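Visitor: I would like to learn how to read a fold from its coordinates, one feature at a time. Could you take me through an example?

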Amino acid sequence: MSALNEVNAVMVHGKDLPLHCPTIDTPSWNYHPRVFLDVLETGEVRCPYCGTVYRLIPGTEPHGH
């Protein structure tokens, strides 16, 4: 997963599912309560705490689902 600024989104791979925010790559100063996000339904989801946008990479198959 790679984090980008707010104009762009964090692109999500199948190995990143189930998706939660904050992710393991989130700096400790930016932590908030963990929330699981359903990116599979629409292909894009925004974290209700920090506003980070996550997008599923087109053609991504969820692993183990």
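Guide: What follows goes from the overall fold to strand pairing, the core, charged pairs and a few single residues. Please keep in mind throughout that this is a predicted model.

Visitor: Let us begin with the secondary structure: how many helices and how many strands does the chain have?

Guide: The chain has zero helices and five strands, so that, read from the N terminus on, the order of elements is β-β-β-β-β. Of its 65 residues, 35% count as buried, and about 4500 Å² of surface is exposed, with carbon and sulfur atoms supplying 54% of that area. Among the contacts with a separation of 6 or more, 34% are made by residues 24 or more positions apart.

Visitor: With the strands listed, I would next ask about pairing. In which sense, parallel or antiparallel, do S4 and S5 pair?

Guide: S4 and S5 are antiparallel and are joined over three bridges, and in this pairing Arg46 stands opposite Val53 of S5. The two strands form a hairpin with six residues between them, and Gly51, in the turn, has a positive phi of about 80°.

Visitor: And which sense applies to S1 and S5, parallel or antiparallel?

Guide: S1 and S5 run parallel, with three bridges joining them; Val12, for instance, has Leu56 in S5 as its bridge partner.

Visitor: Strands also carry side chains to the interior. Which residues make up the largest nonpolar core?

Guide: The general idea is that in a regular strand the side chains alternate between the two faces of the sheet. In this structure the largest nonpolar core has twelve residues, namely Val10, Val12, Leu17, Leu19, Cys21, Val35, Leu37, Val39, Val45, Cys47, Tyr54 and Leu56. Strands S1 (10–12), S2, S3 and S5 each supply at least two residues of this core. Val12 and Leu56, which are bridge partners, are both members of that core.

Visitor: Is Phe36, in strand S3, buried or exposed?

Guide: Phe36 is exposed, because its relative accessible area of 54% is over the 50% cut-off. Leaving aside neighbours within four places in sequence, Phe36 is in contact with Pro18, Leu19 and His20. The C-alpha atoms of Phe36 and Cys47, eleven residues apart along the chain, are separated by 8.8 Å.

Visitor: Turning to charge, how many salt bridges does a search of the whole structure find?

Guide: The general idea is that side chains of opposite charge can pair when their charged atoms come close. Here the search finds two salt bridges. In one of them, Arg55 pairs with Glu44, and the closest N and O atoms are 2.6 Å apart. This pair links distant parts of the chain, with Arg55 in strand S5 (residues 53–56) and Glu44 in strand S4 (residues 44–46), eleven residues apart. Both residues count as partly exposed, Arg55 at 32% relative accessibility and Glu44 at 38%.

Visitor: Which residues form the other salt bridge, and how is each placed with respect to solvent, buried or exposed?

Guide: Lys15 forms a salt bridge with Asp16, the closest N and O atoms being 3.7 Å apart. Lys15 is exposed, with a relative accessible area of 59%, whereas Asp16, at 14%, counts as buried.

Visitor: Loops seem harder to read than strands. What is His32 in contact with?

Guide: His32 lies in the loop between strand S2 (19–21) and strand S3 (35–37), and this residue counts as buried because its relative accessible area of 17% is under the 20% cut-off. Leaving aside neighbours within four places in sequence, His32 is in contact with Cys21, Pro22, Cys47, Tyr49 and Cys50, and two of these, Cys21 and Cys47, belong to the largest nonpolar core. Asn30 is found in the loop between S2 and S3 as well, but is partly exposed, with a relative accessible area of 29%. The C-alpha atoms of Asn30 and Cys50, 20 residues apart along the chain, are separated by 8.4 Å.

Visitor: Finally, where is Thr60 found, and which residues is Thr60 in contact with?

Guide: Thr60 is found in the segment after S5 and counts as buried, at 19% relative accessibility. A polar atom of the Thr60 side chain lies 2.5 Å from the backbone oxygen of Ile57. Beyond the neighbours within four places in sequence, Thr60 is in contact with Val12, His13 and Gly14.

Methods:
Residues are numbered from 1 along each chain as its sequence is written. This is a predicted model: local features need pLDDT of at least 70, side-chain atom pairs count only at pLDDT 80 or more; totals for chains, interfaces and linings use all residues. Side-chain values use heavy atoms; hydrogens and water are left out. Helices (H or I, at least four residues) and strands (E, at least two) are DSSP runs, numbered from the N terminus. Buried means under 20% relative accessible area, exposed over 50%, partly exposed in between (1.4 Å probe, protein chains only). Contact means heavy atoms within 4.5 Å. A salt bridge is a side-chain nitrogen of Lys or Arg within 4 Å of a carboxyl oxygen of Asp or Glu. A nonpolar core is a set of buried Ala, Val, Leu, Ile, Met, Phe, Trp, Tyr and Cys residues joined through side-chain atoms within 4.5 Å. Two strands pair if DSSP finds at least two bridges between them. Accessible areas come from the Shrake-Rupley method with a 1.4 Å probe; for residues, only the protein chains shown count as cover. A polar contact is a pair of N or O atoms within 3.5 Å; within protein, one must be able to donate a hydrogen and the other to accept it, and residues adjacent in sequence count only if both atoms are side-chain atoms.
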